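Please look over the chain shown below before reading on. The report that follows takes up one residue, then the fold as a whole, and then some local features.

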Amino acid sequence: MNSERTSKRGNYAVPLMIVAAFALPTAEAFAPSQASSRLVHTSSINLLQMTATLREESTTSSTSPKDLGAQPVVVSAEAEALSHSETTMKLVPSFDLFQMLSEEEGGIIPHTVAGNAMRDDTILKVGIPDKLEGMQLKDFKGLGGKQKIETLPDPFSMVEKELQPFSDSIKELVSTDQPILSMAAKHFFEKRHGKRFRPTIIQLIAKAVAACHPEEIEGDRWEYSGASKIGMEGGKVTVGNHQGSDVWRKQAQLGQIVEMIHVASLIHDDVLDEADTRRGGEAVHKLYSNKVAVLAGDYLLARASVLLARLENTAVVQIMATALESLVAGEIMQLKSSPDELLQMESYLRKSYYKTASLICYACRSVALLGGHAYGSTVATACEEFGFHMGLAFQIQDDILDFTAAASILGKPALADMSLGLSTAPILYAAQEFPHLRPLVKRRFKEQGDKQTALEALYSSDTAMDKAKDLAQFHAQKAVDALLRLPPSEARDALLRLTYVVITRKK
């Protein structure tokens, strides 16, 4: 990338860096950086190296996370430190804030830092009865219990009318005077609606947040900032004044931004993976060309960046720009993981966070900020924690379906990850049971017969698929626990039902 062009872009430097990383999948582009942190030693090395100068002393756990070894770096610790000032947000990746694995599988409770400190179960519900307090997904039909999930509000029906004009308005937002580019950029929005999973979550989170009174937080620490100024009577968002307000409009626009970013990442991923289909139809690069597909993805990211700036909340811009950076980190991790890392469940979950969960959880926290809540508030923390676990549960269930659902149901080729040399939760659990699979995983199933051997082992295992389902349910339950810190509302209860839907769906 031309450094002069980047320097003139100011606030758009990060999105343009994202475009370059997606568009240039060469060995040189993905070579691990030689820079390393010399400022503060941390026990958990992560792709973004964002926490090197930002860790606080742990107040809850003396156990250190597993060191996953040298990881590829998007931005060095030195460069990251140079970009910060006293007022910028010191963001920590969500996997260093919230639990990735159960204690039974060696998971640990992360250190307490600014992003996860406010996790009180009662502060938002004082004097408010909650009939769903202590809700356990295992008590519902399909997950071992007898209760009916249908007693909770339907999440998709609740926001159906609000999302009805979603495709039309988003098509207008990505219109361009160049016919081919315009058609390619609009492809997913025009031909297929997909699951609308992310916009649905964002609309419901916005409604749930409106039922939360902002906490009185005093002090000048950076985590007490980030809340949008609310220009309404009383200066607060409520269930009564939320619908149709400027806050509601900006939160809805964030949903559109997130969908643009998501679709751009799909277009670029399909080019990198040489995939033929997506969402039951031809991939954009197959319909047009690789060049057009890359440009269409770049254009969507550029439009998303412009619309993001127009939300007029610099904290939200920082958070969502980090989500963009995370998408590239996930792609790099997928391409450059070492053979040993390919066998590690923690490494798989981190990659899943970067590629899937990061966009969801950062968007959820951003919705809370747009609703008038500070970054470090109980509300915003619950929102990000919900999004983190929901995103991981969603991805793990997708990986399970890759082995159990036909391509016609999935909307993409079955066993796509194995074809790319990737091992997901079911295969990793099978490799724990059958040691002869480990060399196959480490060499990315490159030799003839590797995939067939791995599949035979998986389908003969009595535990692998069940363990993968348990992992998805672990994260879904953690998402439920985070939501239950919010006061009762129809939207919150619809989100509770959505966590059930995510891990019981068949497509």
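Which residues does Asp493 touch, not counting residues up to four places away in sequence?

## Asp493 and its partners

In this predicted model, Asp493 touches Leu132, Leu152 and Pro153, once residues up to four places away in sequence are set aside. Asp493 belongs to helix H21, which spans residues 490-504, and its relative accessibility of 11% places Asp493 among the buried residues, because the limit for that class is under 20%. Although Asp493 and Leu132 are 361 residues apart along the chain, their C-alpha atoms are separated by 8.5 Å.

## Overall make-up of the chain

The chain contains 21 helices and two strands, and of its 507 residues 56% count as buried. When contacts between residues at least 6 apart in sequence are considered, 77% of them join residues at least 24 apart, and the pairing of Asp493 with Leu132 described above, at 361 residues apart, can be read against that background.

## Nonpolar cores

The largest nonpolar core has 124 residues, and those with the most contacts inside it are Met135, Ile201, Ile205, Met320, Tyr353 and Phe386. Helix H13 gives the largest share of this core, 16 residues. For Ile205, leaving aside neighbours within four places in sequence, the contacts are with Cys364, Val367, Cys383, Phe386 and Leu495. A second, separate core of five residues includes Ala210, Met232, Val237 and Val247.

## Cysteines without disulfides

Why does Cys212 form no bond with the closest cysteine sulfur? That sulfur is in Cys383 and lies 7.1 Å from the sulfur of Cys212, which is too far for a bond, given that a disulfide requires a pair of cysteine sulfur atoms within 2.5 Å. Cys361 is likewise too far from its closest cysteine sulfur, in Cys364, the separation here being 7.5 Å.

A search of the whole structure accordingly reports zero disulfides. Both of the cysteines just discussed are buried, Cys212 at 2% relative accessibility and Cys361 at 0%.

## Cavities

The structure holds three cavities of 30 Å³ or more, and the largest cavity contains about 120 Å³ of space. Its lining is made up of Met333, Gln334, Ser337, Glu341, Leu342, Gln344, Ser347, Tyr348, Lys351, Leu422 and Ser423. The elements that give two or more residues to this lining are helix H12 (314-336) and helix H13 (345-370), with the largest share, three residues, coming from H13.

By residue class, the lining of the largest cavity divides into four nonpolar, five polar and two charged residues. Helix H13 thus appears in two parts of this account, since it gives the largest share of the cavity lining and also the largest share of the largest nonpolar core.

## Helices H16 and H17

Met418 lies in helix H16, residues 416-419, and is buried with a relative accessible area of 3%. Not counting residues up to four places away in sequence, Met418 touches Phe403, Ile427, Phe445, Lys451, Ala454 and Leu455. The C-alpha atoms of Met418 and Asp450 are separated by 9.7 Å, with their positions 32 residues apart along the chain.

Helix H17 (residues 425-433) is largely enclosed by the rest of the structure, because seven of its nine residues are buried. These buried residues are Ala425, Pro426, Ile427, Leu428, Tyr429, Ala430 and Ala431, and they pack against H13, helix H14 (378-404), H16, helix H18 (438-442), helix H19 (450-460) and helix H20 (464-483).

## Backbone at Arg444 and Phe445

Most residues other than glycine have a negative phi. Arg444, although not a glycine, has a positive phi of about 60 degrees, and Phe445, also not a glycine, has a positive phi of about 55 degrees. Arg444 lies in the loop between H18 and H19, and the place of Phe445 is in the loop between H18 and H19 as well.

Are these two residues buried or exposed? Arg444 counts as buried at 16% relative accessibility, and Phe445 counts as buried at 7%. Phe445 is also one of the residues that Met418 touches, which links this loop position to a residue of helix H16.

Note on methods:
Residues numbered from 1 in each chain as written. Predicted model: local features only at pLDDT ≥ 70, side-chain atom pairs only at ≥ 80, totals over all residues. Heavy atoms only, no water. Buried < 20%, exposed > 50% of the residue type's maximum accessible area, 1.4 Å probe, protein only. 1 Å grid on protein atoms, 1.4 Å probe; cavity = no way out; pocket = protein on both sides within 12 Å on 5 of 7 lines; lining within 4 Å. Points joined across faces, edges and corners; volume = space filled by probe spheres on them. Helix = DSSP H or I, 4+ residues; strand = E, 2+ residues; numbered from the N terminus. Nonpolar A, V, L, I, M, F, W, Y, C, P; charged D, E, K, R; others polar. Core = buried A, V, L, I, M, F, W, Y, C linked by side-chain atoms within 4.5 Å. Contact = heavy atoms within 4.5 Å.
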